[in-house]
Amino acid sequence: MKKEKPLLLGQVRHARMDDIQMIYKAIRENPKEVLPRSYPDLLQNFDRFMVYEEKGKIKGVISWQVLPNVEIDSDRTIEVVSFSVRHRSQGRGIGALLLNKMIEEIQSYGPDKILVLTFYPKFFRKFGFRKKSKRKLYSKIYIGCIKCTKYLSPLTCPETAMVRQISPLPKKEGQS
Ligand SMILES: CC(C)(COP(=O)(O)OP(=O)(O)OC[C@H]1O[C@@H](n2cnc3c(N)ncnc32)[C@H](O)[C@@H]1OP(=O)(O)O)[C@@H](O)C(=O)NCCC(=O)NCCS
């Protein structure tokens, strides 16, 4: 029988500037999967972070970046980045909560798809992401990988590229 997960007592919210130290720690805790980021970089981009906070502590973080595109009005892609749950809090449903909230948030921006590069494709499959050949995403992946020093090329990196299509939100009354 599947073990019941304990109830989550915290909540996902937008990050604040005073969260940066805890965001930094959460990212540093998973160096194999998540690229470390400097304090100034995190501070400059704090408004692209969501955090899961419980009893005053940040247990998980997620962020995103918009990928550049040369085609006007098509293939607008947002990449999931800096997605990390603290070791002791993994497996409680925090990752699922963070990813769902992030998708909800960026849906209002009107992207066509979300991209992720991951060691855990089975996790992302649960959220509608499907494997995509890196060769078909080459230009998209390049910007995501530009700061990575772990692998010589995105094509030899062991992470799997996955994409989820995003349907546009229904227009509100009065919107053309
Ligand atoms: C991957 C990660 C974000 C998942 O967060 P989490 O809080 O541990 O995951 P959850 O508890 O929300 O799990 C949700 C579901 O995914 C499953 N799952 C979690 N991690 C998984 C994994 N590595 N592989 C396959 N399935 C996984 C859970 O069993 C659960 O399934 P269920 O709903 O059927 O019970 C977290 O483990 C983590 O930070 N890992 C290290 C860093 C990392 O890889 N980040 C992602 C970079 S793209």
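## Around the ligand and into the core

Twenty residues surround the ligand, and among these 20 residues E33, Q90, G95, A96 and K122 come nearest. Here a residue counts as near a molecule if its C-beta atom, placed from the backbone, lies within 6 Å of it. This is a predicted model, in which local features need pLDDT of at least 70, side-chain atom pairs count only at pLDDT 80 or more, and totals for chains, interfaces and linings use all residues. Residues are numbered from 1 along each chain as its sequence is written.

The shell around the ligand divides into 9 nonpolar, 7 polar and 4 charged residues. In this grouping, Ala, Val, Leu, Ile, Met, Phe, Trp, Tyr, Cys and Pro are nonpolar, Asp, Glu, Lys and Arg are charged, and the others, Gly among them, are polar. At least two shell residues come from each of β4 (77–85), α3 (94–107), β5 (113–118) and α4 (121–125). Helices (H or I, at least four residues) and strands (E, at least two) are DSSP runs, numbered from the N terminus.

Now to the inside of the protein. The largest nonpolar core has 36 residues, and I23 and L98 have the most contacts inside it. Such a core is a set of buried Ala, Val, Leu, Ile, Met, Phe, Trp, Tyr and Cys residues joined through C-beta atoms within 7 Å. Buried means that 20 or more other C-beta atoms lie within 10 Å of a residue's own, exposed means 12 or fewer, and partly exposed is in between, with C-beta atoms placed from the backbone. Two or more core residues come from each of α1 (20–28), β2 (49–54), β3 (57–66), β4, α3, β5 and β7 (160–165). The most is given by β4, with 5 residues. In soluble globular proteins, nonpolar side chains tend to be buried together.

I23 makes a good starting point for a tour of α1. Apart from neighbours within four places in sequence, I23 is in contact (C-beta atoms, placed from the backbone, within 7 Å) with A15, L42, F49, V51, I58 and V61. The buried residues of α1 are I20, I23, A26 and I27. Seen down the helix axis, they fall within an arc of 120 degrees, so they line one face of α1. That arc is taken from the directions from the helix axis to the C-beta atoms. Packed against these buried residues are α2 (39–44) and also β2, β3 and β4. Turned away from the buried side of α1 are the exposed residues Q21 and R28.

L98, the other residue named for its core contacts, sits in α3, where I94, G95, L98, L99 and M102 are buried. These buried residues of α3 lie on the same side of the helix because they cover an arc of only 125 degrees around the axis. N100 and E104 are exposed on the other side of α3. The cover over its buried residues includes β1 (11–14), β2, β3, β4 and α4. With 14 residues, α3 reaches 20 Å from its first C-alpha to its last, close to the 20 Å expected at 1.5 Å a residue; the expected span is 1.5 Å times one less than the number of residues.

What is buried in α5 (138–145)? In this helix, K140, I141 and G144 are buried. They are on the same side of α5 because their arc around the axis is only 90 degrees. Their cover includes β4, β5 and β7.

Next, the loops. R92 lies in the loop between β4 and α3 and touches K5, P6 and L8, not counting residues up to four places away in sequence. The C-alpha atoms of R92 and P6 are separated by 6.9 Å, although the two are 86 residues apart along the chain. P36 is found in the loop between α1 and α2 and, neighbours within four places left aside, is in contact with I27, R28 and P31.

Why are these loop residues classed as they are? The table gives the counts of other C-beta atoms within 10 Å.

| Residue | Neighbours within 10 Å | Class |
|---|---|---|
| R92 | 19 C-beta atoms | partly exposed |
| P36 | 12 C-beta atoms | exposed |
| D73 | 8 C-beta atoms | exposed |
| K55 | 7 C-beta atoms | exposed |

K55, in the loop between β2 and β3, has a positive phi of about 45 degrees although it is not a glycine. D73, in the loop between β3 and β4, is not a glycine either, yet has a positive phi of about 55 degrees. Most residues other than glycine have a negative phi.

Note on methods:
Two residues are in contact if their C-beta atoms, placed from the backbone, lie within 7 Å.
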